[in-house]
Amino acid sequence: MLKMMTFFQDLPGQQTVPAVLVLHFPGSSPKLPSTSEVESEASMSEASSEDLVPPLAPKAAPERDKEEAKKKKKRPKGLANMFSVFTKGRKKKGQPSSAEPEGAPESQPESSRPPPTVEELKADLERGRLEAARPLLALERELQAAAAAGGESAEELVRRQSKVEALYVLLRDQVLGLLRRPLDVAPERLRQALAVLAEQEREDRRAAAAEPGASALVSARPRRWLELWRRGVAQAAEERLCARPAAGAEGRSEAERIFLHMGRTMKEDLEAVVERLKPLFPAEVDVVAAYAESYHEHFAAHLAAMAQFELCERDTYMLLVWVQNLYPNDIINSPKLRGELQRVQLGSLLPPRQIRLLEATFLSNEVVSVRELMARALELESQRWARDVAPQRLDGHCHSELAIDIIQIISQGQTKAESITLDLGVQIKHLLLLELATFLRSYQRAFDEFLEKCRQLRNYRANVIANINNCLSLRTSMENWQTPQDIPGHLLSPLSELKSHGFDTLLQRLFGDLKPLFKRFTQTRWAAPAQTLEEILSTVAERLPEFSELHDCFREELAEVVHLHLVKEYIIRLSKRSLVLRTAEQQQQLAEDVLANADVIQRFCTQNVRNGSSATWLHHALPKLAEVIRLQDPSAIKIEVATYATWYPDFSKGHLSAILAIKGNLSSSEVRSIRSILDVSMGPHQSTKPLFSLIKVG
């Protein structure tokens, strides 16, 4: 789908546009507007130029000859000088004109040439000699003067006008025919045609400004040749854009090929207009605007017609990409056209209301598509778990493609919206994150079901590790989509629970093996604690390689879970009421043992384990309890307990009572006084992570 967006990158930097690209199409002769389209030529449209020019009078009509001779005498002598404006395009004496056949007799000097007759003008125009335009204009003005003077009959004036109008049909066909295929015409020849067009426009304005008077003739002005030329430009634009597109790359729909053809054609044709025609056309004609507006109007009409139908998801996206991105950016603001088309101000291909409706449809379609794709990806992954398919190994880690699939689905939806407009990308981002949150909850439920029902499978633990590793990719992608502090809890919570449940499953056997070892602390009334602890840590060290296929960050988190478990179990055993020490010396010895064990546990979890625990918040848990056991002064104990509560806010009176029960030399009133310190607010807490809330006390 997105391939269509890059088609302009494949175009060569300098396009050589064939003549057919602008207003000339092989295989069909250009259709010029008929005479009836010009208001002033309505009465003359049914006769051809040949029919309207009568044959020369036969010799048997002497009276007509005399009359014609009189008319020739009446012609102004300055008519021959009308040709002087075109002498720039004529050959020098002795060189045949390009519009004349070779072997034509040499022209007489202009100063001695008589004014051309109607028959001579007709012959010149049929040979394509645009120099006949000025004498024809003079002939038209002479006719207007005669009609105003009233010296001739109405029949004679109409007969003369029919000849003039027939000549104008020939001239119009020549001029507009050249302008229909301007890239096929030599520059000088094109300038001649443009000069005639400009002269006719001036004459139209002069006639419109003149005061109307009584006349036997129907006015042929305004002729509106410039308007006819613009109609021809519009017709050519329609023919160019409606041409059947060439067979393109596979995978594109019919609509995509049509729009690609129209966009490429419009861009190449307008570049040719700017580079090759603008220097030749007069500024008042504004050739760039004429072509640009015609192409734009047809392009917009095609899109508007297509938008009326119920579009599929793919065509809705394609339509928006063209309207909001490719057309304004790659055509209107392309390097060669930017300056010209920004001046023309073509506007949008579709009205704003229709664009908003299409954008709403696109967003709805995209959200549904993303939802279905993610659900399908999870279904396929769950089937692999159930079939006991081993996960891939990538860089020594268990790897699942599910996270990559989900990231790509979300990213592609975001990219598609941004390829239309950045604002639409912002709108869809919120919708996609909501869909991602829904998916993550489904993912967590499916994973929990797998943990519960598939324990007997051979690749069970490997798939658990692979799913925990998925959390890293998903969390990293969410941090790329928005800053970590802005990630909402409903996105992070399912990942945290999935990871936590995975850790619990992976550590279940290890913690089961450690339980009887911890019981020895109380069974032996804390005799030989160092030996018992050494055995506990050896058991942990033996099992840690089972977690090597986790990502480093998760091995570190797992080490923190193990660290927390060791500290928690140690406190549980220390809190058992079966241990009561009544002398200060006994309490001092226990405190020293607890401090030594705390140091061993901390060094083991942070230094001796690869990717060790970073749980610095656990460092004070055992040493501070040892200090409470060692102290004998109730006031000093109260201060230590108050400090301890700031480190571990879930340290309750029940937990404190269990520790104070070890100190058999404290009275009940002293215990109550020490316990009361926990009723006082201790200010800000150092940690919010749970420790004592995981420890049940009687």
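Let's start at one threonine: leaving aside residues up to four places away in sequence, T539 touches L510, D513, L514 and L517. Keep in mind as you look around that this is a predicted model. T539 sits in helix α17, which covers residues 529–543. Is T539 buried or exposed? Its relative accessibility is 17%, so T539 counts as buried, the cut-off being under 20%. The side chain of T539 also has a polar partner within reach: one of its polar atoms lies 2.9 Å from the backbone oxygen of E535.

From T539 you can step across to L566. Again setting aside residues up to four places away in sequence, L566 touches L514, F518, I536, L537, V540, I601 and C605. L514 is thus a shared neighbour, since T539 touches L514 and L566 touches L514 too. L566 is also among the residues with the most contacts inside the largest nonpolar core, along with L171, L179, W229, F281, L436 and L691. That core has 187 residues. Its largest share, 13 residues, is supplied by helix α14, residues 422–453. As general background, nonpolar side chains in soluble globular proteins tend to be buried together.

Two of the contacts of L566, I601 and C605, lead to helix α19. Both I601 and C605 are on the list of buried residues of α19, which also holds Q587, L590, A591, V594, N597, A598 and F604. Why do residues at such spacings turn up together? An α-helix has 3.6 residues a turn, so residues three or four places apart point the same way. The length of α19 can be checked as well: at 1.5 Å a residue, its 23 residues, 584–606, should span 33 Å, and the end C-alpha atoms are 33 Å apart, which agrees.

Helix α4 passes the same kind of check. Its 17 residues, 133–149, should span 24 Å at 1.5 Å a residue, and the separation of the end C-alpha atoms is 24 Å, in agreement. The buried residues of α4 are A133, P135, L136, L137, A138, L139, E140, E142, L143, A146 and A147. Which helices help cover them? The cover includes α3 (118–126), α5 (154–180) and α6. After α4 comes G150, with a positive phi near 80°.

Now for some backbone geometry in the loops. Most residues other than glycine have a negative phi, and most peptide bonds are trans. The loop between α6 (187–209) and α7 (225–242) contains P222, and the peptide bond joining R221 and P222 is cis, with omega about 0°. R224 lies in the loop between α6 and α7 as well, and R224 has a positive phi of about 60° although it is not a glycine. With a relative accessibility of 29%, R224 counts as partly exposed.

D388 has a positive phi too, near 60°, again in a residue other than glycine. You will find D388 in the loop between α12 (352–386) and β1 (392–394). Its relative accessibility is 18%, so D388 counts as buried.

What does D388 meet in space? One partner is N459, from the loop between α14 and α15 (460–481). N459 and D388 are 71 residues apart in sequence, yet their C-alpha atoms are 5.8 Å apart. The side chain of N459 reaches the backbone oxygen of D388 at 2.9 Å. Beyond residues up to four places away in sequence, N459 touches D388, V389 and A390. N459 is buried, at a relative accessible area of 10%.

That pairing leads on to the protein as a whole. Among contacts between residues at least 6 apart in sequence, 80% join residues at least 24 apart. The secondary structure comes to 23 helices and 2 strands. Of the 698 residues, 47% count as buried. The accessible surface comes to about 34900 Å², with 52% of it belonging to carbon and sulfur atoms.

A last look at the cysteines: how many disulfides are there? The count comes to 0 when sulfur atoms must lie within 2.5 Å of each other. Individual cysteines vary in their exposure: C242 counts as partly exposed at 46% relative accessibility, whereas C454, at 13%, counts as buried.

Terms used:
Residues are numbered from 1 along each chain as its sequence is written. This is a predicted model: local features need pLDDT of at least 70, side-chain atom pairs count only at pLDDT 80 or more; totals for chains, interfaces and linings use all residues. Side-chain values use heavy atoms; hydrogens and water are left out. Helices (H or I, at least four residues) and strands (E, at least two) are DSSP runs, numbered from the N terminus. The expected span of a helix is 1.5 Å times one less than its number of residues. Buried means under 20% relative accessible area, exposed over 50%, partly exposed in between (1.4 Å probe, protein chains only). A polar contact is a pair of N or O atoms within 3.5 Å; within protein, one must be able to donate a hydrogen and the other to accept it, and residues adjacent in sequence count only if both atoms are side-chain atoms. Contact means heavy atoms within 4.5 Å. A nonpolar core is a set of buried Ala, Val, Leu, Ile, Met, Phe, Trp, Tyr and Cys residues joined through side-chain atoms within 4.5 Å. Accessible areas come from the Shrake-Rupley method with a 1.4 Å probe; for residues, only the protein chains shown count as cover.
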